[in-house]
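Here are my notes on the model, set out as numbered points. They deal with the ligand site and then with one sheet.

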Amino acid sequence: MALLLLTKRGVTMDLLVKGEGRIEWAARRMPVLSAIRHRFAEERPLEGIRLGACLHVTTETANLMLALKDGGAQVALCASNPLSTQDDVALALRESFSIEVHAQRGVDNNTYYRHVRAVASTKPHVTMDDGADLVAALHGETSQWSSEVMAGTEETTTGVNRLRAMAEDGALRYPIIAVNDALTKHMFDNRYGTGQSTIDGILRATNILLAGRVFVVAGYGWCGKGLASRARGMGARVMVVEADPLRALEAAMDGYQVGSMEEAASVGDVFVTVTGNRGVIDTRHFGLMKDGAILANSGHFDVEIDVEALAGVARRSPGVREGVSEYEMPDGRRLYVLGDGRLINLAAAEGHPAEVMDMSFANQALAVEWLVKERPALENRVYGVPLEIDREVARLKMLAMGMRVEELTESQREYMGSWKMGT
Ligand code: NAI
């Protein structure tokens with residue numbers, strides 16, 4: 001018994017040390033957030049604010065929580081997906097940094113929502129979401145704890161879509177800043193972050209060679225563009241499936257083969273959905289797919305591949321590799337679903353690299369500071385990130401990367417602002 005306890009403590013200590021080390025590793029790659037954290041520690045702009053956060057519990061999120069705490073906020077954190085929590089980070093945040101965390105990797109849906117409710121029960125003044133689950137809870141079954149919420153922020157496209165729908169229905173009860181709408185967020189995080197980390201997740205789960213494979217990307221939004229370009233960079237033959245004609249055209253002129261999912265289904269080796277929509281790959285497509293096809297999702301919710309429908313027609317054997325489920329179709333073809341159809345970059349890898357989360361989370365921290373100051377003037381709707389915050393994040397990032405931005409001369413400024421000067 002004593003030996004068992006010792007071993008358990010040893011494992012816990014190992015996990016704690018690992019979490020601390022990885023949080024520090026990320027911190028060193030997040031210079032913009034670090035600069036904000038230092039300023040926050042001096043100015044304490046969030047003094048007295050209770051902040052409830054529902055975000056992927058990763059090393060980068062840990063650094064955001066620490067910045068907010070140093071700014072004076074009392075922070076409670078839960079996960080924004082049952083498979084994205086890094087347990088070493090959750091432990092280190094609790095034990096070494098005294099932050100309230102309700103998250104554990106791989107919990108079932110009931111526990112996941114119990115964790116969301118636990119954060120809601122801290123009666124936050126400000127909410128911070130990635131997918132709008134906390135906002136939804138505070139507008140629904142936990143609305144008894146919502147009386148003191150004054151504002152919130154939202155990190156991702158799907159969350160912003162949900163919140164805009166709530167605002168349109170007149171259901172939104174407090175103002176939200178759509179951090180995803182900042183240029184220094186979606187142009188970099190969604191494109192380069194999701195692009196790289198989605199490939200990372202697929203490779204960690206499968207160890208396949210991408211060169212020469214037909215790699216189907218569903219959705220040519222910010223995430224899809226990044227993913228398609230990274231897959232092409234590794235030698236895959238990329239095909240894009242897109243519902244919006246403008247974006248489909250863009251994909252075609254970017255040099256990709258473009259077609260419907262029905263066309264892609266029979267030729268693809270690897271399929272990745274990143275649309276924010278449901279049923280993108282479903283029973284219309286499973287029957288057409290090649291033996292050995294690999295299916296992954298990087299969109300926010302696990303609704304893009306209809307895994308339930310697949311399970312209805314095929315025999316599932318989990319555990320073929322960690323994070324890979326094999327589905328044997330009645331005719332003997334085998335399809336492989338990665339990470340149960342949950343966002344693969346977090347289910348099988350570590351999410352976005354810290355360098356890019358530096359900008360997203362700098363926006364989060366500055367947006368909270370702005371909301372706390374501006375709240376009295378705001379209506380219950382979804383706001384973009386103020387342009388001055390976006391520009392400041394870009395300026396600080398360039399500075400941190402040691403690159404200079406060209407200064408316009410007085411005459412250039414005058415020329416750009418004038419309509420009188422022609423040929
Ligand atoms: P976006 O709105 O820029 O692009 C989505 C694209 O998918 C649109 O062009 C839309 O026309 C297309 N689309 C919708 N339904 C489709 C269908 N059935 N077939 C083909 N195309 C379809 O959105 P963004 O920013 O690229 O985000 C996509 C998803 O990824 C969202 O759920 C977002 O929350 C999530 N996301 C995930 C991240 C991750 O770490 N895995 C990071 C950032 C965003």
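1. A residue counts as near the ligand if one of its heavy atoms lies within 4 Å of it. The model is predicted. By that cut-off, 25 residues surround the ligand, and T156, T157, T158, E242 and N345 are the closest.

2. Which classes make up the shell around the ligand? Polar residues number 15, nonpolar residues 7 and charged residues 3.

3. Three polar pairs with the ligand can be listed. A backbone N or O atom of H300 lies 3.0 Å from a ligand oxygen atom. The side chain of N277 has an N or O atom 3.2 Å from a nitrogen atom of the ligand. For A243, a backbone N or O atom is 3.3 Å from a ligand nitrogen atom.

4. On its own the ligand has 860 Å² of accessible area, and the protein covers 86% of this. The space that the ligand takes is the largest pocket. Helices α7 (157-168), α8 (183-206) and α9 (222-233) are the elements that each give two or more residues to the shell around the ligand.

5. The sheet is open and has 8 strands, with mixed pairing and the order β9-β8-β7-β10-β11-β14-β13-β12. The edge strands are β9 (257-258) and β12 (315-321); each has a single partner strand, so one side of each is left without a neighbour in the sheet.

6. What joins β12 to β13? There are 5 bridges between β12 and β13 (residues 324-328), and the two strands run antiparallel. Within this pairing, P318 stands opposite S325 in β13.

Notes
Residues are numbered from 1 along each chain as its sequence is written. This is a predicted model: local features need pLDDT of at least 70, side-chain atom pairs count only at pLDDT 80 or more; totals for chains, interfaces and linings use all residues. Side-chain values use heavy atoms; hydrogens and water are left out. Two strands pair if DSSP finds at least two bridges between them. Helices (H or I, at least four residues) and strands (E, at least two) are DSSP runs, numbered from the N terminus. A polar contact is a pair of N or O atoms within 3.5 Å; within protein, one must be able to donate a hydrogen and the other to accept it, and residues adjacent in sequence count only if both atoms are side-chain atoms. Accessible areas come from the Shrake-Rupley method with a 1.4 Å probe; for residues, only the protein chains shown count as cover. On a 1 Å grid over the protein atoms alone, a cavity is a set of points where a 1.4 Å probe fits but cannot get out, and a pocket is an open set with protein on both sides within 12 Å along at least five of seven lines; lining residues have an atom within 4 Å of a point. A molecule sits in a cavity or pocket if more than half of its atoms lie within 2 Å of its grid points. Ala, Val, Leu, Ile, Met, Phe, Trp, Tyr, Cys and Pro count as nonpolar, Asp, Glu, Lys and Arg as charged, and the others, Gly among them, as polar.
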